[in-house]
Amino acid sequence: MHIKRRIAFGFSAAALAFTAAGALAQDQMQLKIGTEGAYPPFNNLTASGELVGFDVDIARALCEEMNAECEFVTQDWDGIIPALQAGKFDAIIASMSITPERDEQVDFTKPYYTNSLVFVAPKESEFDPNNIEDKAIGVQAGTIAAQFVEENYSNAELRAYPSQLEAWADLSNERVDAVLADFGVQYEWVNSEDGACCEFKGETVSGDDQIGIAVREGETELVEKFNAAIDAIRENGTYAEINAKYFPFDIYGE
């Protein structure tokens, strides 16, 4: 009789453990994270199809901090906000600049890093950012770099590409005179084998560009969760570890 009771108790304990595990699974937030997958070193697909980069590592750290199970979805840049609005994913973590125009379409978290724009051109060229009349400038379409050229260099020829990789490819093949893009991606490229042809030209032309996570309008609770998680990984050293993996300088800014 004692044996039967012990067996019954064992089944009850197992049932309780299973129920508790199920409850924890139900409590865990499920999120889909949208990113581009063509913007190294921030987000990029390797030859084997693995999604890697600073944005990706930050997203994973934030999800862990929020006790969220996160799935990544890659999306072309020019359709990334419409895809968010359509519910294809719940948040964009893809080095998106916080701009007034985008703020009318989505809600942003606090910045998770700060960016600036800089020109890159062939080392032997005499490209001067202060004198670019009739120069062909490559940019990624739909970025603040494209907007900056349109607004400030009306005497230059703007060539917009679907991805940053395509802009660099045309620079390497001398189809454009220079590429204007974020400092972080330009830094990675000029220090790579593909970018050995080129170097920075001039000073940064636009600074204090703040990068945030975008969610659908009105999702205040999700914004607050992301903000708290950003603060937490900054405080516990996780952010610094990820930063050091990609850059020899602090990308966060003040």
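## Starting at serine 163

Helices (H or I, at least four residues) and strands (E, at least two) are DSSP runs, numbered from the N terminus. With those labels in hand, we can start at serine 163, which sits in the loop between E10 and H6. Keep in mind that everything here comes from a predicted model.

Is serine 163 buried or exposed? Its relative accessible area is 10%, and buried means under 20%, so serine 163 is buried. Setting aside neighbours within four places in sequence, serine 163 touches Glu36, Ala38 and Gln140.

## Helices H6 and H7

Just after that loop, let's look at how H6 pairs up with H7. H6 covers residues 164–172, and H7 covers residues 183–190. The two pack at an angle of about 45°, and their axes are 12 Å apart. That angle makes H6 oblique to H7. As for handedness, the crossing of H6 and H7 is right-handed.

Which residues do the meeting here? From H6 come Trp168, Leu171 and Ser172, and from H7 come Val185, Gln186 and Trp189. Sorted by type, the residues of this contact are four nonpolar, two polar and no charged.

H7 has quite a bit going on besides. Gly184, Val185, Gln186, Trp189 and Val190 in this helix are buried. The buried residues of H7 pack against H6, but also against strand E2 (38–39), E8, strand E11 (178–182) and strand E12 (198–216).

## A cis bond between two prolines

Now for the loop between E2 and E3, where you'll find proline 40. Proline 41 is in that loop between E2 and strand E3 (43–45) too. The peptide bond from proline 40 to proline 41 is cis, with omega near 5°. That's worth a second look, because most peptide bonds are trans.

Proline 40 has a relative accessibility of 15%, so it counts as buried. What does proline 40 touch, not counting residues up to four places away in sequence? The answer is Leu165, Trp168, Val185 and Glu188. Proline 40 and glutamate 188 are 148 residues apart along the chain, yet their C-alpha atoms are separated by 7.4 Å.

## Helices H2 and H9

Another helix pair to find is H2 (residues 54–65) with H9 (residues 238–246). Their axes come within 10 Å and cross at roughly 165°. Angles over 145 degrees count as roughly antiparallel, so H2 and H9 are roughly antiparallel to each other. Their crossing is right-handed.

On the H2 side of the contact are Phe54, Asp57, Ile58 and Ala61, and these meet Thr238, Tyr239, Ile242, Asn243, Lys245 and Tyr246 in H9. Split by type, the contact of H2 with H9 has six nonpolar, two polar and two charged residues.

## Rings that pair up

How many aromatic pairs does the structure hold? There are 20 aromatic pairs. One of them joins phenylalanine 54 and tyrosine 239 in an edge-to-face arrangement, 6.0 Å centre to centre with 85° between the planes. This pair links distant parts of the chain, with phenylalanine 54 in helix H2 and tyrosine 239 in helix H9, 185 residues apart. Both phenylalanine 54 and tyrosine 239 are buried.

Phenylalanine 119 and tyrosine 153 make another edge-to-face pair, 5.8 Å centre to centre and 70° between the planes. Phenylalanine 119 lies in strand E8 (residues 113–122), while tyrosine 153 is in the loop between helix H5 (144–152) and strand E10 (157–161), so the pair ties together parts that are 34 residues apart in sequence. Phenylalanine 119 is buried, and tyrosine 153 is buried too.

## Two residues with positive phi

Most residues other than glycine have a negative phi. Asparagine 67 goes the other way: it is not a glycine, but has a positive phi of about 55°. You can spot asparagine 67 in the loop between H2 and strand E5 (68–74). At 45% relative accessibility, asparagine 67 counts as partly exposed.

Where is aspartate 134 found? Look in the loop between E8 and strand E9 (136–140). Aspartate 134 has a positive phi as well, near 65°. Its relative accessibility is 63%, so aspartate 134 counts as exposed.

Key:
Residues are numbered from 1 along each chain as its sequence is written. This is a predicted model: local features need pLDDT of at least 70, side-chain atom pairs count only at pLDDT 80 or more; totals for chains, interfaces and linings use all residues. Side-chain values use heavy atoms; hydrogens and water are left out. Axes are lines fitted to C-alpha atoms, for helices over the stretch in contact, and angles run from 0 to 180 degrees between N-to-C directions. Angles under 35 degrees count as roughly parallel, over 145 as roughly antiparallel, 65 to 115 as roughly perpendicular and the rest as oblique. A crossing is left-handed if the near helix is turned anticlockwise from the far one by less than a right angle, and right-handed if clockwise. Contact means heavy atoms within 4.5 Å. Ala, Val, Leu, Ile, Met, Phe, Trp, Tyr, Cys and Pro count as nonpolar, Asp, Glu, Lys and Arg as charged, and the others, Gly among them, as polar. Rings of Phe, Tyr and Trp (its six-membered ring) pair if their centres lie within 6.5 Å; planes under 30 degrees apart count as stacked, over 60 as edge-to-face and the rest as tilted. Buried means under 20% relative accessible area, exposed over 50%, partly exposed in between (1.4 Å probe, protein chains only).
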